[in-house]
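These are my notes on the structure, set out as numbered points. Please read them with the sequence and the model open.

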Amino acid sequence: MKIMGLGNASREHAIAEALERSEHHPRIFWLGDIGNPGIFEICKRTGGDFALSKTTDSEKVSEYAKRWHVDFVIIGPEEPNFHAVPDELERRGIPCVGASRDVAMIEMSKAEMRRLQWEYGIRGKLLFKTFRSAQEAYSVLERYSDTLTWLQNVALKPARQAGGKGVKVVEDQQLYLHDEKQRFKSKHADWLEGYMKSYSDIDDKILVEEKVWGPEYTLQCFTDGRCIKGMPLVQDNKHAHEFDIGTETGGMGSISGPGFTLPFITKEEYEESLKIVDFLVRAIQDKVGKSYHGMVAGQMMLTEIEGPTIIEMYSRLGDPEALNVLNTLKTDFVDICLAILDGNLSKLNIEFDEKATVVKAIAPKGYPDNREMAKDHPVFVDRQAIKREGCKFYWGSADIREGGEIKSAGSRLVEILAISDEIEKASKMVDRCIPHVKLLDSWGLFYRSDIGSPELLSKRMDVADRVRMLYQYRRDKDMLGKRVDWLPKVGKMDPVALLRDELSKRGE
Ligand SMILES: Nc1ncnc2c1ncn2[C@@H]1O[C@H](COP(=O)(O)OP(=O)(O)OP(=O)(O)O)[C@@H](O)[C@H]1O
Ligand SMILES: [Mg+2]
């Protein structure tokens, strides 16, 4: 069997490795925008091949798949989905595990995902407004933020998935800072309008969403379009530095387990989250009339207003979240891919080890704000030493050059994973491996020691307990998902009804 994959991050290294472990012993072929040394090695070892190519170019990707006569293609990152790579492959008769462009809209357009949730009445939704220009956004924020109180505390986002850039959460609760906060919102709206100029594939430019608060987690799933199978929950840690400070990154590390839930998310919350993702997949299929076959994920937050709530959807696995689940997966990954392609997923029993996992990313200084500074540093990894610590190692943003030299490529350089019976133990195992990764020109690296530590876990549990108490209270009083605004001289007003009204007018 021959399988071709796309992408070049640690997530794709882990996907290639999961394929290599299969009883089908596939030959692995790969296309990457840069040369991930780990994937390169797997291709060589399995008798496959590796080529550098633009992974969003559907024609080129299809030509490689034809040239290599692969049985199917699996897609790692989201951009090939947005660029209709799965559609082109299928048009040429090459099966593809990956979301076609229309269904990948649930990730590509954060605005469309929200509209879908409201249109189909799917739980875990937030109040939102979309805009086509900064001026439009700003005038609404200015005009209504006294009356619609949810417009005071908001997340300002690019309406499209824009590679983890541009989301700002602004709380405007102190009257004496109101003007400054409004100025900041308007400045950021301008920035978003400029940033979105590089994307012509979507009409909405700016998304303003009510601000919520609570612990975040990712629920990744397999789907063949008919049934959806959830994987163990993972929590990713976005901030660059210890205890959630610093810029947001693509993810500095993630934890899972033991088993399907996390220490701060209950079984019931897992089930509720799975229902939400399931309904969203059904809704997008219904809306666009196409089947979803591949991986899908809900990036969730437990909130006081709704309980499990969607922050955004992924039309693929997360990075680093993919490492946590693929390393506890007991079922043959190739069998899962084949079941997805054949529409037989409901018949396959997918099992995971009841273990805890911790992944930590190591990045060169400069990432994420100044990636140029983080680029082109020669890398050395003592892989034997990492193995001796009982951990696993994945290449990320690293480029293998002619002659075999490996250089940093500006983003998260490597990810290290440990599996244990407790998250805290796995975290310590990874920490012991950190000195085994070095830049030979002595440029600095950083990572987060706190991920999976008892201190951070207890912080997450405290937040989850508080949020849970509030949303359960609301549920008991039949107030879940309900919001009330108070208008001076007018009285109570229901922003949910207002939004519904607006959306139905739009649909007319
Ligand atoms: N409505 C909201 N209320 C509060 N916080 C939010 C809200 N929306 C987003 N955030 C915060 O901002 C982060 C990034 O938002 P989101 O996931 O939508 O954007 P992103 O650019 O796709 O980020 P990434 O690609 O890094 O996941 C979230 O993980 C969450 O912490
Ligand atoms: Mg996100």
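1. Ala 155 faces Glu 209 of S9. This pair belongs to the ladder between S7 and S9, where the two strands run antiparallel and are joined by five bridges. The model is a predicted one, and the points below should be read with that in mind.

2. S7 and S9 are part of an open sheet of four strands, ordered S6-S9-S7-S8 and paired antiparallel. Its edges are S6 and strand S8 (168–170); each has a single partner strand, so one side of each has no neighbour in the sheet. Direction ignored, neighbouring strands here are turned by 20° against each other on average.

3. Helix H7 (residues 110–119) has seven of its ten residues buried, and is thus mostly covered. Which residues of H7 are the buried ones? They are Lys 110, Ala 111, Glu 112, Met 113, Arg 114, Leu 116 and Gln 117. The list includes charged side chains by name, Lys 110, Glu 112 and Arg 114 among them. Burial here is a count of C-beta atoms placed from the backbone, with 20 or more others within 10 Å as the cut-off.

4. The packing partners of these buried H7 residues include three strands already met in the sheet of point 2: S6 (128–131), S7 (154–158) and S9 (206–210). The buried residues also pack against helix H6 (105–108), helix H10 (267–288) and strand S17 (307–314). After H7 comes Gly 121, with a positive phi near 60°.

5. A second open sheet of four strands has the order S21-S22-S19-S24, again with antiparallel pairing. Strand S21 (398–400) and S24 are its edge strands, each pairing on one side only. On average, neighbouring strands of this sheet are turned by 40° against each other, direction ignored.

6. The individual ladders of that sheet are as follows. S21 and S22 run antiparallel and are joined by three bridges, with Asp 399 standing opposite Lys 407 in S22. Strand S19 (residues 375–381) pairs with strand S22 (residues 406–409) over two bridges, in the antiparallel sense; Lys 375 stands opposite Ala 409 there. On the pairing of S19 with strand S24 (residues 437–439), there are three bridges, also antiparallel, and Phe 380 is placed opposite Lys 438 in S24.

7. The largest nonpolar core has 118 residues, and the members that touch the most others are Val 73, Val 296 and Val 414. This core takes at least three residues from each of domain 1 (2–101) and domain 3 (216–454). Apart from it lies another core of 22 residues, including Tyr 138, Leu 151, Val 154 and Leu 207.

8. What does Val 414 touch, leaving aside residues up to four places away in sequence? Its contacts are Ile 362, Val 381, Phe 393, Tyr 394, Trp 395, Gly 396, Ala 398 and Val 437.

9. Val 325 sits in helix H11 (residues 321–326). Is Val 325 buried or exposed? Val 325 has 26 other C-beta atoms within 10 Å and is therefore buried. Not counting residues up to four places away in sequence, Val 325 touches Gln 220, Met 231, Pro 232, Val 234 and Ser 256. Gly 230 lies 95 residues from Val 325 along the chain, and their C-alpha atoms are separated by 10 Å.

10. On the overall picture, the protein is divided into domain 1 (2–101), domain 2 (127–211) and domain 3 (216–454). The C-alpha centres of domain 1 and domain 2 are 37 Å apart. The secondary structure comes to 16 helices and 27 strands.

11. The C-alpha trace spans about 75 × 50 × 45 Å along its principal axes. A compact globule of 508 residues would have a radius of gyration near 23 Å, and the protein, at 23 Å, agrees with this. Of the 508 residues, 51% count as buried. Among contacts with a separation of 6 or more, 69% are between residues 24 or more positions apart.

Conventions. Residues numbered from 1 in each chain as written. Chains lettered and ligands numbered in written order. Predicted model: local features only at pLDDT ≥ 70, side-chain atom pairs only at ≥ 80, totals over all residues. Rg over C-alpha atoms; globule rule 2.2 N^0.38 Å. Buried ≥ 20, exposed ≤ 12 C-beta atoms within 10 Å, placed from the backbone. Contact = placed C-beta atoms within 7 Å. Domains from an automatic or database assignment. Pairing = 2+ DSSP bridges. Axes fitted to C-alpha atoms, helices over the stretch in contact; angles between N-to-C directions. Core = buried A, V, L, I, M, F, W, Y, C linked by C-beta atoms within 7 Å.
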